[in-house]
Amino acid sequence: MKRDVIIACDFGSVEECKGFLDKFKDLSRKPFLKIGMELFYAAGPEIVRELKKQGFKIFLDLKLHDIPNTVKKAMKVLSGLDVDMVNVHASGTKEMMKAALEGLTREDGSRPLLIAVTQLTSTSETAMREQLLIDNPMDETIAHYARNAMEAGLDGVVCSPLEASKVKEACGPQFLTVTPGIRFADSAKDDQVRFTTPAMARELGSDFIVVGRPITAAADPVAAYQKCVEEFCQDEELLYNPSTFI
Ligand code: C5P
């Protein structure tokens, strides 16, 4: 599995998303994109089909959480969209995660990567204890949920880069960590509290970094994307199509 940078396309409309992606049209390598609830609910499955047709890889971040049978059927539909990565909440239980996997698996045995959200980074340990009645520390809870996901057959989890090594320790090096909370050393932190640079995320063992505003709100989004790739992937091939240098 090749390490990659995923751009979080947190846009409220198709036009805004397409206007943004237009800037990347000269890159020889199409970026991996994350489509979340905002864009999916605004634009529907058609935007996914269209971006796939244009050659983008898609992480469809809809964080499913329902009874196993419903999740299985919903995953079958998402698998038909030919996306590359989807996710569920690990708190839906192993039964739900197994059902998700079944629904995702196509007749030829292929399927998108399936990862689990452990605890949202917006949930504090206090909220976990007082509202969810989970008394264990955050890192233990995350490692436990990650182990559940692995035992259910999933490919990895979404977590903070700061938790990646703990997850790898619990689940092994092959178990994927997909990590948001990325900021350049000199950029705005926005509302992210636990964040690292792309280079640090690589050192901490992230397999995929999910980057939103440091790219989408940059004065030059393509340069910001390339900086992420250079720092995080390091071994990447030339990003620009050589013809653009002639
Ligand atoms: O703009 P920014 O780089 O903060 O965007 C990060 C993306 O990752 C957003 O789409 C956000 O919803 C998502 N995310 C996150 N923390 C999590 C899970 C998802 O920031 N724990």
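**Close-up 1. Polar side chains beside the ligand in this predicted model.** A polar side-chain atom of Asp10 lies 2.8 Å from an oxygen atom of the ligand, and a side-chain N or O atom of Arg183 is likewise found 2.8 Å from a ligand oxygen. For Arg213, the separation between an N or O atom of the side chain and an oxygen atom of the ligand is 2.7 Å. Taken alone, the ligand exposes 470 Å², and the protein buries 83% of that area. The residues that surround the ligand include Ala8, Lys34, Thr121, Pro180, Gln192 and the residues Val210, Val211, Gly212 and Pro214.

**Close-up 2. Strand β1 and the surroundings of Asp4.** Asp4 belongs to strand β1, which covers residues 4-8. Asp4 has a relative accessible area of 10% and therefore counts as buried, the cut-off being under 20%. Beyond its neighbours within four places in sequence, Asp4 is in contact with Arg29, Phe32, Asp207, Phe208, Ile209, Phe232 and Cys233. Pro31, 27 residues away from Asp4 in sequence, has its C-alpha atom 8.7 Å from that of Asp4.

**Close-up 3. Helix α7, residues 138-151, and the elements it packs against.** Because 1.5 Å is expected for each residue, the 14 residues of helix α7 should span 20 Å, and this agrees with the 20 Å between its end C-alpha atoms. Met138, Thr141, Ile142, Ala143, Tyr145, Ala146, Asn148 and Ala149 are buried in α7. The buried residues of this helix pack against the helices α5 (94-104), α6 (125-130) and α8 (164-171), and also against the strands β5 (113-117) and β6 (156-158). After α7 comes Gly153, which has a positive phi near 100 degrees.

Definitions and conventions. Residues numbered from 1 in each chain as written. Predicted model: local features only at pLDDT ≥ 70, side-chain atom pairs only at ≥ 80, totals over all residues. Heavy atoms only, no water. Helix = DSSP H or I, 4+ residues; strand = E, 2+ residues; numbered from the N terminus. Expected span 1.5 Å × (residues − 1). Buried < 20%, exposed > 50% of the residue type's maximum accessible area, 1.4 Å probe, protein only. Contact = heavy atoms within 4.5 Å. Near = heavy atom within 4 Å. Polar contact = N/O pair within 3.5 Å; in protein donor to acceptor, adjacent residues only side chain to side chain. Areas by Shrake-Rupley, 256 points an atom, 1.4 Å probe, with all protein chains shown as cover.
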